[in-house]
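Student: Got a minute to go through this one with me? I'd like to start with the ligand.
Tutor: Sure, let's pull it up.
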Amino acid sequence: MHHFDETADRAARACLDYALERLRYDPAPLDQPTTYDDLARRVGATITSAGRDPEDVLRVFTEVLAPACISSDSPRFFAFIPAAPTKSALVFDTVVAASSMNASSWLEASGAIYAENEALRFLADLAGLPPGAGGCFVSGGSAGNLSALVVARETATARRGARPPKWRVAVGEQAHSSVASTLRILDCDALVVPSDDRDRLTGAALRRVLDADPDPGSVCAIAATAGTTNAGIVDDLDGLADVAAERDLWLHVDGAYGAAALCAPSVRARFAGIERVDSMVVDPHKWLFAPFDSCALLYREPQLARAVHAQHASYLDAIRTGDEWNPADYAYHLSRRARGLPFWFSLAVHGTDAYRAAIEHVLAVARAAADRIRAAPHVELVRDVELSVVLWRRPGWTPDDYVTWSRRLLADQVAFCLPTRWHGEVVARAVFLHPNTTVEMFDEVLDSMR
Ligand SMILES: *Cc1c(COP(=O)(O)O)cnc(C)c1O
């Protein structure tokens, strides 16, 4: 059934035709979820013993299932972290799918890994990491944070020759939820360091906390954030790197959203110190215009990661004959899709200048949006915009008012905008990421709060 018979040929044509049509949507429709009962009524059971015509099954997808999924690449998507993959990256994902490469080992996928590593090198250079730095692409920032912090913990155990009853990792108050989840998986405790008056995790605060701690030797790593998801704040990376050097701590930087702005000269100085990290992540599927799911995971000394993550089995020995680069060695995975290739293809086609320009443009739109809030009488900016996350309040509104407003915006297809919490207060949040999002689209969001 997997041969390219008449059914498969029709499926290919129908799907590729639709893919091309979907790529041409400009802008992508926002769409919205529906209920299980609605889908069950309109779709019913799709899988039968005899199978169905590919055109029919595809029609179910295009007419019912796809419109019940929000398009993260709508320029009116302001919630969570949006997506804005380039068309060339998206279409190359289809090429990757058709190529059936298992990009876990050099033996199986040397060509794909060569290209992925070019893209990783571009990111390592942006951060200022040394020539020996490297890693692999994993599914997302969560998988990257977990893979890196396993290496941090195991490296500390190896270097110190002993493990405490429980390792601890120093984190900021604004660290991403995936870091808490990682620490749970690793059976490590969080040493939560209070933020400074700009809501950053700083080296000075960390030093104070460690000096006052009865058991500082059980801390093995610092997990800092370069661009918090909730507010776009970049921690004091240089100060944290000083403490890491003084106390032999692993410094990991979660730049899943924000590290893309390393491309942007107007904000590059905020990331000073990132060249000193032991490991970092940045998600091309966020602000580097690649499709889901793609996270670049980089290590200063990849051999430390290899010592922890390389899998050994008699049937696998063949993948290690020399110093080949095996992406499977750098995270807790084995089989993997060459998920760095869509990003690589788009970078190669458009050139890195286009990335810098697109990110600077988005930063400028976010600043303009903040100016609109400052100028409007009915709303207030909650804090200055650091990268491209904007927080604001509508004085007089209750938390329920924000929820009602958010639902109405989506139902009316004006925008997908969700409230968040800032220092305990429910406020509105918009993330700018799509280069085609305009200030006028954001004006509609502000107008809807009058
Ligand atoms: C989005 C995000 C993550 C999680 O990344 P996924 O790709 O969704 O797994 C982690 N950290 C930060 C700062 C993020 O913005």
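Tutor: By class, the shell around the ligand has two nonpolar, nine polar and three charged residues. Here Ala, Val, Leu, Ile, Met, Phe, Trp, Tyr, Cys and Pro count as nonpolar, Asp, Glu, Lys and Arg as charged, and the others, Gly among them, as polar. Bear in mind that this is a predicted model: local features need pLDDT of at least 70, side-chain atom pairs count only at pLDDT 80 or more, and totals for chains, interfaces and linings use all residues. Residues are numbered from 1 along each chain as its sequence is written, and side-chain values use heavy atoms, with hydrogens and water left out.

Student: Which residues are the closest to the ligand?
Tutor: Ser142, Thr229, Asp254, Asp283 and Lys286, out of 14 that surround the ligand (a heavy atom within 4 Å).

Student: And what lies 3.0 Å from an oxygen atom of the ligand?
Tutor: A polar side-chain atom of His285. That's a polar contact, a pair of N or O atoms within 3.5 Å. A side-chain N or O atom of Ser142 is 2.7 Å from a ligand oxygen, and a polar backbone atom of Gly141 is 2.8 Å from one.

Student: Which helix gives the most to the shell?
Tutor: Helix 6, residues 141-160, with three residues (helices are DSSP runs of H or I, at least four residues, numbered from the N terminus).

Methods. Polar contact = N/O pair within 3.5 Å; in protein donor to acceptor, adjacent residues only side chain to side chain. Helix = DSSP H or I, 4+ residues; strand = E, 2+ residues; numbered from the N terminus.
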